[in-house]
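Please read the following report alongside the sequence and the coordinates. It moves from one residue and its surroundings to strand pairing, a covalent link and some backbone details.

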Amino acid sequence: MYHRTIAKKHKDAHSHDHEHKVWSRRSFLQALGIGSTGSLMLAGSQLSASSVSPLAMALNKSDNDNILVLIRLSGGNDGLNTIVPVYDFDTYAGARPSIYHKQRDLITLDNDFAMPNYMQPLESMWGDGMMKVVHGVGYEGQNLSHFKSSDIWATANTNYGDALNQGWFGKYFKENYQDFLLAPPENPLAIQIGSVGNLIFSDEDAQFAFLVSNPGQLESIAKNGTQFNVNDLDLSCKSGQQQEFLRATSNSTYIYSGVISDAYKATSNRVEYSDNKIADQLAIIARLIKGNLGTKVFMVTLNGFDTHANQPERHMELMGDLSKAVKDFYTDLEETGHHEKVLGMTFSEFGRRFFENGSNGTDHGAASPTMFFGPALNGNGFVGEHPDIDNLDRNKNLQSTTDFRSLYASVLSQWLCIDQPSVDSALSGSFDTLDLGFSCGAEAVVPTPIEEVPGEAQDGFSHMALYSAEGKPSIALNVDKAQHVDIQLYNIIGQRVGTIKNSFMTEGSYTFDIDESLLDETLTAGEYIYRVTTAAGASSKIILVK
């Protein structure tokens, strides 16, 4: 029995280490832009802006200026040591004899629950009615993998394997707003700091952003409009053509750097934030909000919650940093009155095991509480039912009592005032909303497509990018009825490269080889956008030329 236990521990450790390697490799590829993402360094923190999506357009058109700040606790936060169930303290303490919080070290929230004293900065927010806790957030059949569970939270899809490249903000790309690639909004509708591997703002085709490596580059972009000069290259040779493409592509990713820089420089922080990663991120966001950037959704990330060992010290550091940063963030916003329009929400891919392990820590668990912050909550309190600590699942984990998608449904429909059909589509279903203390005072505005043709539906054709075994690209087009079809090819910065097809076409299926269609053009390797236009509407898609 002893040898089997040791072998199982080695196997679990190997699986855990392998998963982290996979996650890191995936994040690295997406950080490079291979996953169609990008980032910007602002005040020493990585930041990326989402592309336009139907849900984002709905956010932009909603009749309010409310802002949502998502705070990702990456790694799986131990909810039991965050919100302590003092109503059954003996059972809680008995399950974790080395890591439980002693009662003298707790801050009382009500007769049943408390939080550790290292979260003391949040005590005044609780007392001022600016903090609520939702119990038992998770989903049935919790996947205990960081990689898979993070994707489930990001995509709002518990059927792992379905639509893995579509986050709950990105699911509208193909359904309603097919021609978004060439029609970006004036301001970023969502901004993310860190978590380059997270899928929340992604679509399976693209997530356009901007990329610079440091604040000095941002300053240059703000002054000159571009980072790289494309006018001093020798375009008569292949090398010069490739450099032009790479420089132009890099320049194109800076689409929002100017407006972000303007908002950032328009104001300053009036609070002295601590010197740590989560404080740095929230300090940047506070300046962007006070600078009236107009962005509706922000996401920040605090890493390190995978506390398999030495949890007491690590959790104290993380939650201490988070608590002070959140308190300072709202104090900073209050100086200009912006705090009333900002709702903060924590989330983590899962909680931790009810019982401690042999390394002074806890292993991957299931349900965990979510904290909300802001004066819009109109009072403190607890929402939902706390999991029964005497009725654990087969893995000895707390069972969820609140579906995580109910949180999403609540903030989308009641805070950001998105119309219900858009919310249901984003979440792939209808979910109950929670009473968090706020509601939309006006009827939500239903978004209209970017390029809707009055009186005509956007149908009559479909298309997709195809690649041969050698990676040679082509465009497959299906025409449902006779009509005029125009297919244009653009580079990634929106400059027209050439015409693929522009003629009247009868009903049928067609395939257009990119190289053969552009006889007079030599394409360098990289990403391009082709755009199909008919009388019924227009649709764009990225295609890769190798």
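Setting aside neighbours within four places in sequence, Leu68 is in contact (heavy atoms within 4.5 Å) with Lys296, Val297, Phe298, Leu343, Met345, Val411, Trp415 and Leu416. Leu68 belongs to strand 3, residues 67–74, where helices (H or I, at least four residues) and strands (E, at least two) are DSSP runs numbered from the N terminus. With a relative accessibility of 0%, Leu68 counts as buried; the term means under 20% relative accessible area, whereas exposed means over 50% and partly exposed lies in between, with a 1.4 Å probe and protein chains only. The C-alpha atoms of Leu68 and Gly344 are 6.1 Å apart in space, although the two residues are 276 residues apart in sequence.

This is a predicted model, in which local features need pLDDT of at least 70 and side-chain atom pairs count only at pLDDT 80 or more, while totals for chains, interfaces and linings use all residues. Residues are numbered from 1 along each chain as its sequence is written, and side-chain values use heavy atoms, with hydrogens and water left out.

For the chain as a whole, the secondary structure comes to 14 helices and 20 strands. Of its 546 residues, 55% are buried, and among contacts with a separation of 6 or more, 74% are between residues 24 or more positions apart. The accessible surface, from the Shrake-Rupley method with a 1.4 Å probe and, for residues, with only the protein chains shown as cover, comes to about 23400 Å², of which 47% belongs to carbon and sulfur atoms.

Gly344 leads on to the pairing of strands, for which DSSP must find at least two bridges between the two partners. The bridge partner of Gly344 in strand 11 is Phe373, and strand 10 (residues 342–347) pairs with strand 11 in the antiparallel sense over two bridges. Strand 7 (residues 131–138) also runs antiparallel to strand 11 and is joined to it by five bridges, with Lys132 having Phe372 as its bridge partner there. Six of the six residues of strand 11 (residues 368–373) are buried, so this strand is largely enclosed by the rest of the structure.

An open sheet is formed by three strands in the order 4-6-5, with antiparallel pairing. Its edge strands are strand 4 (84–85) and strand 5 (106–108), each of which pairs on one side only. Strand 5 pairs with strand 6 (residues 113–116) over three bridges in the antiparallel sense, and Thr108 has Ala114 in strand 6 as its bridge partner.

Asn81 lies in the loop between strand 3 and strand 4 and counts as buried at 3% relative accessibility. A polar atom of the Asn81 side chain lies 3.0 Å from the backbone oxygen of Ile99. Beyond the neighbours within four places in sequence, the residues in contact with Asn81 include Tyr92, Arg96, Ile99, His101, Pro116 and Gln311.

Which two cysteines form a disulfide? Cys417 and Cys440 do, with their sulfur atoms 1.8 Å apart, the term being defined as a pair of cysteine sulfur atoms within 2.5 Å; the count by this rule is one disulfide. The link is left-handed, with -110 degrees about the S-S bond. Cys417 lies in the loop between helix 12 (404–415) and helix 13 (420–426), and Cys440 in the loop between helix 13 and strand 14 (461–467), so the pair ties together parts that are 23 residues apart in sequence. Cys417 counts as buried at 7% relative accessibility, whereas Cys440 counts as partly exposed at 22%.

Most residues other than glycine have a negative phi. The table lists two residues of this chain that are not glycine and have a positive phi.

| Residue | Phi | Location | Relative accessibility |
|---|---|---|---|
| Asn310 | about 50 degrees | loop between strand 9 (297–303) and helix 11 (311–334) | 48%, partly exposed |
| Ser428 | near 55 degrees | loop between helix 13 and strand 14 | 52%, exposed |

How values were computed
Polar contact = N/O pair within 3.5 Å; in protein donor to acceptor, adjacent residues only side chain to side chain.
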